[in-house]
Amino acid sequence: MKQAIVYHEDYNKYDLGIDHPLIGDKPKNTIAILKEKNMLSEFSLFTPKKATEADLLRVHDASYVEHVKQLSQTGGWLSEDTPAPKGIFEVASLAAGGSMFAGEKLFEGYNCTVNPLGGFHHASKGHSSGFCFFNDIAITIEYLRDKHHLKRFMIIDLDVHHGNGTQDIYIDDRTVLNLSFHQDGRTLYPGTGRVETIGRDDAAGYTVNLPFPPGTGGMSYLKAFKEIVPPITRQFQPEIILYQSGVDSHHADPLADLNLTYQTYYHLARQITELSQETCKKLLVLLGGGYNSTACIKSYYNIICGVLGKQDYLEEADIPDTDPEGVKNIVSQLKRFLGDYWNL
Ligand SMILES: [Zn+2]
């Protein structure tokens with residue numbers, strides 16, 4: 001397997017302020033831990049460029065792109081939870097450019113590429129919130145669709161928040177299988193991602209939502225993953241897998257209430273890498289959300305260990321589920337809703 005990572009110093013300017021949960025220097029710290037553990041040398045390192053306006057416009061409305069540009073000049077607020085600091089247009093375009101660049105490398109002989117500033121899944125075509133400006137996942141998909149004429153994209157979004165922006169964009173597109181595991185929207189932002197939302201019209205079955213009850217631990221989560229993700233991936237046969245590997249599902253994360261542990265991330269990344277090797281050999285890893293500055297860097301490290309199949313990943317005590325029956329129940333419901341489309 002051949003792997004690459006993209007990084008730009010300016011990534012660390014994606015900083016929404018001192019009092020904001022999003023931590024600006026995460027990309028720098030991610031690179032630092034890989035260096036410290038002697039793993040950076042296993043990756044080719046590339047410096048990405050900003051996505052152009054034409055790239056953004058493959059997904060976003062012109063009026064929305066203009067709105068972000070205006071805010072970026074004056075400073076302001078994109079939404080109640082998302083301040084728009086001066087210069088954010090350039091930095092958000094760079095983040096999207098990084099995902100595009102990493103995606104393109106998968107067509108130049110690399111099997112797995114990583115963007116440490118990616119996975120902005122709350123951005124819709126014409127509006128956004130949740131610390132996101134441009135949906136780099138969709139921007140990458142539309143760029144690759146144009147350039148390489150792909151017909152089967154798979155998104156595996158394991159960030160603790162539902163990827164509502166990505167879902168809005170692809171709810172009626174059967175060329176994009178959009179799978180999201182997240183904390184139940186009745187208990188967490190953005191409130192969407194119900195199990196019965198499975199896609200519209202002829203795209204029914206191509207949106208997959210698994211909402212977990214608060215308190216779900218790594219064991220139940222992994223079991224649910226194994227029951228749902230490998231069979232769907234094998235049946236869909238994606239031409240590329242985009243893995244939004246948010247780690248805000250960790251028990252120490254201040255924004256959410258799932259109880260995943262470091263080793264959960266290793267096992268998830270390992271299995272997704274194996275699935276990509278078995279199908280398309282093209283895996284784009286977008287290191288999504290994570291708001292505990294220590295835990296999130298360690299969790300990202302374990303994801304990279306999983307990608308590389310390294311055994312020296314970090315471990316901690318497992319946290320028992322508070323509602324194992326609730327998890328079993330929701331997995332059975334999902335299987336029922338998807339029964340006409342996938343053999344599960
Ligand atoms: Zn998140």
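## Strand pairs and a helix contact

Three bridges link strand β3 (residues 76-79) to strand β4 (residues 82-84), and the two run antiparallel. The model is predicted. Two residues lie between β3 and β4, which form a hairpin. Within it, S79 stands opposite T82 in β4.

Strand β6 (residues 153-157) pairs as well. Five bridges join β6 to strand β7 (residues 176-183), and these strands run parallel. I156 of β6 stands opposite L179 in β7.

The two pairings are set out below.

| Strands | Bridges | Direction | Opposite residues |
|---|---|---|---|
| β3 (residues 76-79) and β4 (residues 82-84) | three bridges | antiparallel | S79 and T82 |
| β6 (residues 153-157) and β7 (residues 176-183) | five bridges | parallel | I156 and L179 |

Is β6 buried or exposed? Five of its five residues are buried, so β6 is largely enclosed by the rest of the structure. F153, I155 and D157 point one way from the strand. M154 and I156 point the other way. Residues on both sides are buried, D157 among them.

Now the helices. The axes of α7 (residues 218-236) and α10 (residues 324-338) come within 10 Å and cross at roughly 15°. That angle is under 35 degrees, so α7 is roughly parallel to α10. Their crossing is right-handed.

Which residues meet in this contact? From α7 come S220, A224, E227 and I228. From α10 come P324, V327, V331 and L334. The residues of the contact of α7 with α10 divide into six nonpolar, one polar and one charged.

Key
Residues numbered from 1 in each chain as written. Predicted model: local features only at pLDDT ≥ 70, side-chain atom pairs only at ≥ 80, totals over all residues. Axes fitted to C-alpha atoms, helices over the stretch in contact; angles between N-to-C directions. Helix = DSSP H or I, 4+ residues; strand = E, 2+ residues; numbered from the N terminus. Parallel < 35°, antiparallel > 145°, perpendicular 65-115°, else oblique. Left-handed = near helix turned anticlockwise from the far one by under 90°. Contact = placed C-beta atoms within 7 Å. Nonpolar A, V, L, I, M, F, W, Y, C, P; charged D, E, K, R; others polar. Buried ≥ 20, exposed ≤ 12 C-beta atoms within 10 Å, placed from the backbone. Pairing = 2+ DSSP bridges.
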